[in-house]
Amino acid sequence: MMEDRLKVYSVKEVAQILQTSRQQIRRMIQNEELAAVRVGREWRIPAERLEEFLEDTGIF
């Protein structure tokens, strides 16, 4: 579905989903553990990439 492919999360939203800090999410992006796109000064994490991360790590 096209809507699912266009869904993106902020660092804050991903931190809440993973129950960790925003700083940890930024570290994961920096270490290329979690794919993200920079939009201006903010990072956005595509829903598709978050799902891949969760599957790869076995969290969900």
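Okay, let's start with one residue: Ile17 is partly exposed, with a relative accessible area of 36%. Everything I'll show you comes from a predicted model, so please keep that in mind as we go. Ile17 sits in helix α2. Leaving aside residues up to four places away in sequence, Ile17 touches Tyr9 and Leu50.

So what does the rest of α2 look like? Its buried residues are Val11, Val14, Ala15 and Leu18. Looking down the axis of α2, those buried residues fall within an arc of 105°, so they line one face of the helix. There's a general point behind that sort of pattern: an α-helix has 3.6 residues a turn, so residues three or four places apart point the same way. And what covers the buried residues of α2? The cover includes β1, α3, β3 and α4.

Let me take the sheet next, since β1 and β3 just came up. Three strands make an open sheet, in the order β1-β3-β2, and the pairing is antiparallel. The edges are β1, residues 8-10, and β2, residues 37-39; each has a single partner strand, so one side of each is left without a neighbour in the sheet. On average, neighbouring strands here are turned by 40° against each other, if you ignore direction.

Now zoom in on one of those pairs. How many bridges join β2 and β3? Three bridges, in the antiparallel sense, with β3 covering residues 42-46. If you want a spot to look at on the screen, find Arg38, which stands opposite Trp43 in β3.

Two helices pack against this sheet. Helix α2, residues 11-18, touches β1 and β3, and its direction makes about 90° with that of β1. Helix α4, residues 47-57, lies across β1 and β3 as well, running at about 70° to β3.

Staying with α4 for a moment: which of its residues are buried? Ala47, Leu50, Phe53 and Leu54 are. They cover an arc of only 120° around the axis, which puts them on the same side of α4. Leu50 is one you've met already, as a residue that Ile17 touches. Turn to the other side of α4 and you find Glu55 and Asp56, which are exposed. After α4 comes Gly58, with a positive phi near 80°.

That leaves helix α3, residues 22-30, where the buried residues are Ile25, Met28 and Ile29. Seen down the axis of α3, they fall within an arc of 100°, so they line one face of the helix. On the other side of α3, Gln23 and Gln30 are exposed. As for what covers the buried residues of α3, that includes α2, β3 and α4.

How do α2 and α3 sit against each other? They pack at an angle of about 105°, with their axes 8 Å apart. That makes α2 roughly perpendicular to α3. On the α2 side, the residues in the contact are Val11, Lys12, Val14, Ala15 and Leu18, and they meet Arg22, Ile25, Arg26, Met28 and Ile29 of α3. Sort the residues of that contact by type and you get seven nonpolar, no polar and three charged.

Last topic: the backbone just after these helices. In general, most residues other than glycine have a negative phi. Keep that in mind for the next two residues.

The residue following α2 is Gln19, and its phi is positive, near 55°. Gln19 lies in the loop between α2 and α3. Is Gln19 buried or exposed? It's exposed, with a relative accessible area of 75%.

Then there's Glu32, following α3. Its phi is near 60°, a positive value in a residue other than glycine. You'll find Glu32 in the loop between α3 and β2. At 72% relative accessibility, Glu32 counts as exposed too.

To pull the picture together: the strands run in the order β1-β3-β2, α2 packs on the sheet, and α4 lies across β1 and β3. Helix α3 packs with α2 at about 105°. Okay, that's the tour, thanks for listening.

Methods: Residues numbered from 1 in each chain as written. Predicted model: local features only at pLDDT ≥ 70, side-chain atom pairs only at ≥ 80, totals over all residues. Heavy atoms only, no water. Pairing = 2+ DSSP bridges. Helix = DSSP H or I, 4+ residues; strand = E, 2+ residues; numbered from the N terminus. Axes fitted to C-alpha atoms, helices over the stretch in contact; angles between N-to-C directions. Contact = heavy atoms within 4.5 Å. Buried < 20%, exposed > 50% of the residue type's maximum accessible area, 1.4 Å probe, protein only. Arc of directions from axis to C-beta. Parallel < 35°, antiparallel > 145°, perpendicular 65-115°, else oblique. Nonpolar A, V, L, I, M, F, W, Y, C, P; charged D, E, K, R; others polar.
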